[in-house]
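Open the model in your viewer and keep the selection tool ready. This tour tells you what to select at each stop and what is there.

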Amino acid sequence: MTDIALDGLTKRFGAVTAVDDVSLQIRPGAVTAFLGPNGAGKTTTMRAILGLVAPTAGRALIGGRPYAALPRPRREVGALLGPDGAHPGRTGRDHLRVIASAAGLDRARVDAVLDLVELTDAADRRVGGYSLGMRQRLGLAAALLGDPAVLIADEPANGLDPEGIAWLRRFLRQAADDGRTVLVSSHLLAEVARTADRIVIVSEGRLRFDGGLAELAGPAGPGDADALEAAFLRLTVAGAGTAGVAA
């Protein structure tokens, strides 16, 4: 089993501190929702985990190693950071074949992941003709090509219609049930209430909450989206302290 561990992770861009001394562990077998207002540091944290930005201080580890030290990273980590990573002139199938070839992966995985994200019927269409939801699915297919133990997705529900969101919910649940470590950022609190097992909230670069959904929602229960929203707003208003942070 492969976890994600942040140890005092800090990232500054000049005078701006985007991530401020964040420590936590994301464990396998659960959907962990990564929440925070715009500019809270979520995307910077994810990029640090994936080795796309170097920490100013602290560490981001995957299975005890920084991303750069993973011997075959696509077999250990799959990431979706946006829906527009494919050339619009390529077919979905060709896009995945290029990635598989570059990563030294078995091309048989291409058909497998197309089926997994329910994109087989559109696989030979050019990506430029895909809807946003189809591009999101293609991005998830690319993330899963190496059958990784860790899946990281930044706002994968953006722009999806209700059917696409329901599909994404089932997809993330199955990924966690298969034993993967699933970290997904979202602004859709009602959907988080239906999907996540664990909640991590950051604001102004600092960790505000790390615990179970039921703990955050309180007596109203984990399925109460209004209670989740109220707790989120309480923890993320300007100047909020770290009250409510759980181990």
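How do the residues of the lining of the second largest pocket divide into nonpolar, polar and charged? They divide into 4 nonpolar, 5 polar and 5 charged. Here Ala, Val, Leu, Ile, Met, Phe, Trp, Tyr, Cys and Pro count as nonpolar, Asp, Glu, Lys and Arg as charged, and the others, Gly among them, as polar.

Before you go on, two notes. This is a predicted model, where local features need pLDDT of at least 70, side-chain atom pairs count only at pLDDT 80 or more, and totals for chains, interfaces and linings use all residues. Residues are numbered from 1 along each chain as its sequence is written, and side-chain values use heavy atoms, with hydrogens and water left out.

**Stop 1: the second largest pocket**

A pocket is an open set of points on a 1 Å grid over the protein atoms alone, with protein on both sides within 12 Å along at least five of seven lines; a cavity is a set where a 1.4 Å probe fits but cannot get out; lining residues have an atom within 4 Å of a point. Grid points are joined across faces, edges and corners, and a volume is the space filled by probe spheres set on the points.

The second largest pocket holds about 200 Å³ of space. Select Ser131, Gly133, Met134, Arg137 and Gly164: of the 14 lining residues, these are the closest to its centre. Now colour α5 and α6, which each supply at least two residues of this lining. α5 gives the most, with 3 residues. Helices (H or I, at least four residues) and strands (E, at least two) are DSSP runs, numbered from the N terminus.

**Stop 2: the largest pocket**

Keep α5 (residues 132-143) on screen. α5 also gives the most to the lining of the largest pocket, with 5 residues. This pocket has about 380 Å³ of space. Of its 22 lining residues, select the closest to the centre: Arg74, Ala79, Leu80, Gly139 and Ala142. Add α2 (73-76), β5 (77-80) and α3, which, like α5, each supply at least two lining residues. The lining divides into 14 nonpolar, 5 polar and 3 charged residues.

**Stop 3: α3 against α5**

Two packed helices are described by the angle between their axes and the distance between the axes. Axes are lines fitted to C-alpha atoms, for helices over the stretch in contact, and angles run from 0 to 180 degrees between N-to-C directions.

Select α3 (residues 92-103) with α5. They pack at an angle of about 25 degrees, with their axes 10 Å apart. That makes α3 roughly parallel to α5 (under 35 degrees; over 145 is roughly antiparallel, 65 to 115 roughly perpendicular and the rest oblique). The crossing is right-handed: the near helix is turned clockwise from the far one by less than a right angle, while anticlockwise would be left-handed.

Show side chains next. Gly92, His95, Leu96 and Ile99 of α3 make the contact with Leu138, Ala141 and Ala142 of α5. Contact means heavy atoms within 4.5 Å. By class, there are 5 nonpolar, 2 polar and no charged residues here.

**Stop 4: α3 against α4**

Stay on α3 and add α4 (residues 108-116). Their axes come within 9 Å and cross at roughly 130 degrees. α3 and α4 are therefore oblique to each other. This crossing is right-handed. Look for Arg93, Leu96, Arg97 and Ala100 in α3, which meet Val110, Asp111, Val113 and Leu114 in α4. That contact has 5 nonpolar, no polar and 3 charged residues.

**Stop 5: the cavities**

How many cavities of 30 Å³ or more does the structure hold? There are 2. The largest has a volume of about 140 Å³. Select Leu172, Val184, Ser186, Glu191 and Thr195, the closest to its centre of 16 lining residues. α6 (162-177) is one of the elements giving two or more residues, and α6 gives the most, with 4. The lining has 11 nonpolar, 3 polar and 2 charged residues.

Finish at the second largest cavity, with about 50 Å³ of space. Its lining includes Ile4, Leu24, Phe34 and Val200. The residues divide into 8 nonpolar, 1 polar and no charged.
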